[in-house]
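Here are my notes for you to read with the structure open beside them. Take the points one at a time and find each residue as you go.

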Amino acid sequence: MSSKGLFATLAQPRIFGWLLFALAATQSWWYALYGFGGSDEGQILVSASRILRGAVFYQDIDAYPFPGSNYLLALAMAIFGEHMTVARSLAGMVYVGIVVTLYFTSLRLLDEKRAAIFGVSLLGCKMLAWPAYTSYFYWDVSLLAASVAALLLLGLLDPKITRAGSSERARLLGMGAATGFAFISKQSIGIYLGMAITAVLVLRHIAEPRDAKNEDADEPSGLRAIVAPFGPLILGFSAVVVPMLLYFAAKGLLGQMIYSGLIRPFTDYADTSGISFSKPLRWWEFGELQGKKLFFYYPVVYWRVLSKQLIPGSPEAFTTYWAIGEVFIRWVYTSLPLIFGAAAFICARSGSKLSDRTNLRFVAVTLIAAAITASAFPRADFTHIIGIYSIVLLLMFACLGRLAGLDGESTSKTRFYRKFELAVATVFALTFFGFSYAHHTAMTTHIVLPTADLMVLPQDGYYASVVKYVRDEIPEDTPFFIYGHEAHYYFLTQRFSSWKFSQLYPGQDGGDDGQALTDMLKKAPPKVIIQGFLNFPGLPNLQNYTPILNDYLRANYELDERVFERYPPVTGGHPSPYWIQMKRLKTSDALQ
C-alpha cells in the first residue's frame, strides 16, 4: 500500500478516532507518575481531601473557581482512595476526552485528512502544557466540558447530523449541561461559553427565516422562534447548576458562594496577573525573553531541560536553544491576535451568507474559541495561554482551510499543503517528545509517600524529607501552616490548616495585612510551619501584603537548621532556603 493510501485509510474517522484515543491514553499513562504539578495541583488535592473529612466549600474551604471539579475529585478519591494516582488518572481521562472531542469537532470544519493532522497536533499540546493535562486542574475539566458543548453545537449546525425535533432538543439539552459543568468548574469559561452559544443560536435564527412552505406548520414563529431553543438549553444548564445552588442554599452559604465565585474572582484576581501578554509580542526586543528568571513565559519542560542542562551541549549550543525557545514562545503569543484577526476577516466576509451552515459553523467555532481564550486572562503566563490553545489551534486550522481553500476538492495544491501541515505537526510533536523524554529520563528519584508515588528530579528528593519531618512533628488533626502558596505539602503530609484557603494569593490572605491569619495562629500555634517561595513571578511579594503575619512569624518561629540532617534527602543536597524553610515555634513562655 502506498503512503498516500495508508494515510487516507488511517485518516478515516472510524479508524483515526480509535487511534487517537489509544495514543492520547498512552501519553497519559507515560506522564502520570512523573513530577509534582506545583501549588495549583496541591490546592485542588487539598480541597478534595478536606471534603472527604466533612469540610464544606465556602464554610470551611474556599477558592477562586467554583468547586465542581473539587467535588468530582473528592468523589473519585472516596471510591478509589486518597492518593495522587487517583487524581492523575482522572486528569488523564480528562485529557483523552479533550483530544477525542476536539478531533470529532474538527470534522465539522475540516476534511478527514486535515482533521487527522489536527489530532496529531493536539498530542503535541500535552507535551507543551505539562503539568497541565497531567496533573488534575480545574481549568482542564472546564475545557473538556466546553469541548463537548462545541461538538454538540457544531453538530446542531450540520444538517447532515441534526434534524429539527427530538434530535435538536437532545443536543441543546446536552449543550446546556456541558455549559453548566464548565461553569461550576471554572465560572469564566462557563459564562463566556454561554454568551457565545447564545450569540450563535440567535445568528442561526436571523440567517434562516422560516421557509414559506412551513408557514402553516405547527412551529413557533416570531419571538417564540428565537427563544424556543433556549428552553432545552436552560433546562440542561439548570440540571447541573441548580443542585449546586440548592446544596449551598441549604447550608446557608448561597450568598457566600455568589460572592466568592462571581464577584471576588473579577476583583481580587487582577492582583495575581502581573505577567504581561504584550511583552512576547514585541519582537524588536528579541533577546529579552531568555534565561532562568523568565520561566513563566516558557513551556515548563523546555525551561527545565535548558535551565538544568538535562541535554548535552556546549554553552554556545544552549545559547542557541534559548534563542529557539524565545522564537517559539513569541510565535505562540503572536499567533493569538493573528488567528483571531484572520477569523474576524473571514467572519466579516461571510456575514451575509450565514444561511450556509458551513459559514455559521465557522462563526460558531470563532466565538467559542474567543470565549475560552478570554477565560485565560488576565493572567498571561505560558501555562494559562497553552491551556486554551487546543481550541485556538482548531480555529487556526479552520482559518487556513478557508483562506487557502484546503478543505475542498483534492488538487495538487491541497495535497501539497496537507503534506506540509502533516510534516510540521509531526516535527512539532517529535521535537517536544524529545524534550519530554529528556525531562522524564532525568527524573530518576523515586518518592513513595502515603498519598503519592512519583518519580522526580534528584534535586527534588527533599520532598520526602519535608513530608516525613512534618508528619513526625505534628500529630494528625493538629494545626499546621504553610506561609506561601505550596498547597501540595498539605496534601502530601495530610496535615491541614483551618484557614479556608490552602494558598495565599492576593484576596486569599484575609485582605487585612494578615491580621486574621495571625489571630488564627495565636489561638492554636502550630509546632512547625513551612515557609515557601514568597516572591512568585506575576504576584506581589507575600510579605508585602501580609506584613502583620510576616512580623508575627519572624518573632515567634525560628529556622530549624537540622531538619535535613535528621531527615536527609534521598537524593540531591539540601534545598535552598530561597525555596523552602522549615521553622519551629520558639520555646518561649509567651508568644509575641
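1. Start with Asp560, which is buried, since its relative accessible area is 13% and the cut-off for buried is under 20%. Keep in mind as you look that this is a predicted model.

2. What does Asp560 pair with? Its side chain meets that of Arg566 in a salt bridge, at 4.0 Å from N to O. Arg566 has a relative accessible area of 37%, so this partner is partly exposed. That gives you a bridge with one buried end, Asp560, and one partly exposed end, Arg566.

3. Don't stop at that pair, though. Asp560 and Arg566 belong to a network with Glu473, Lys527 and Arg584, joined by salt bridges that share partners. Try picking out these five residues together on your screen.

4. How many salt bridges turn up in the whole structure? A full search finds 12. If you're wondering about the idea behind them, side chains with opposite charges can pair when their charged atoms come close.

5. My next pick is Glu41 with Arg88, a salt bridge whose closest N and O atoms are 2.8 Å apart. Glu41 sits in helix 3 (residues 39-52) and Arg88 in helix 5 (residues 84-106), so this pair ties together parts that are 47 residues apart in sequence.

6. Are the two ends of that bridge buried or exposed? Glu41 is buried, at 2% relative accessible area. Arg88 counts as buried too, at 3%.

7. Now have a look at Glu285 and Arg282, whose side chains also meet in a salt bridge, with 3.1 Å between N and O. Arg282 has 25% relative accessibility, so it counts as partly exposed.

8. Leave the charges for a moment and turn to the surface. There's a nonpolar patch of about 610 Å² there, made by Val242, Leu245, Leu246, Leu254, Ile258, Tyr259, Leu262 and Ile263. Which helices supply it? Helix 11 (230-250) and helix 12 (254-263) each give at least two residues, and the largest share, 5 residues, comes from helix 12.

9. Last one: Ile263, a member of that patch, is found in helix 12. Why can Ile263 be counted in a surface patch? Its relative accessible area is 42%, which makes it partly exposed, and patch residues need over 30%.

Definitions and conventions: Residues numbered from 1 in each chain as written. Predicted model: local features only at pLDDT ≥ 70, side-chain atom pairs only at ≥ 80, totals over all residues. Heavy atoms only, no water. Patch = residues over 30% accessible without salt bridge, like charges linked within 9 Å, V, L, I, M, F, W, Y side chains within 5 Å. Areas by Shrake-Rupley, 256 points an atom, 1.4 Å probe, with all protein chains shown as cover. Helix = DSSP H or I, 4+ residues; strand = E, 2+ residues; numbered from the N terminus. Buried < 20%, exposed > 50% of the residue type's maximum accessible area, 1.4 Å probe, protein only.
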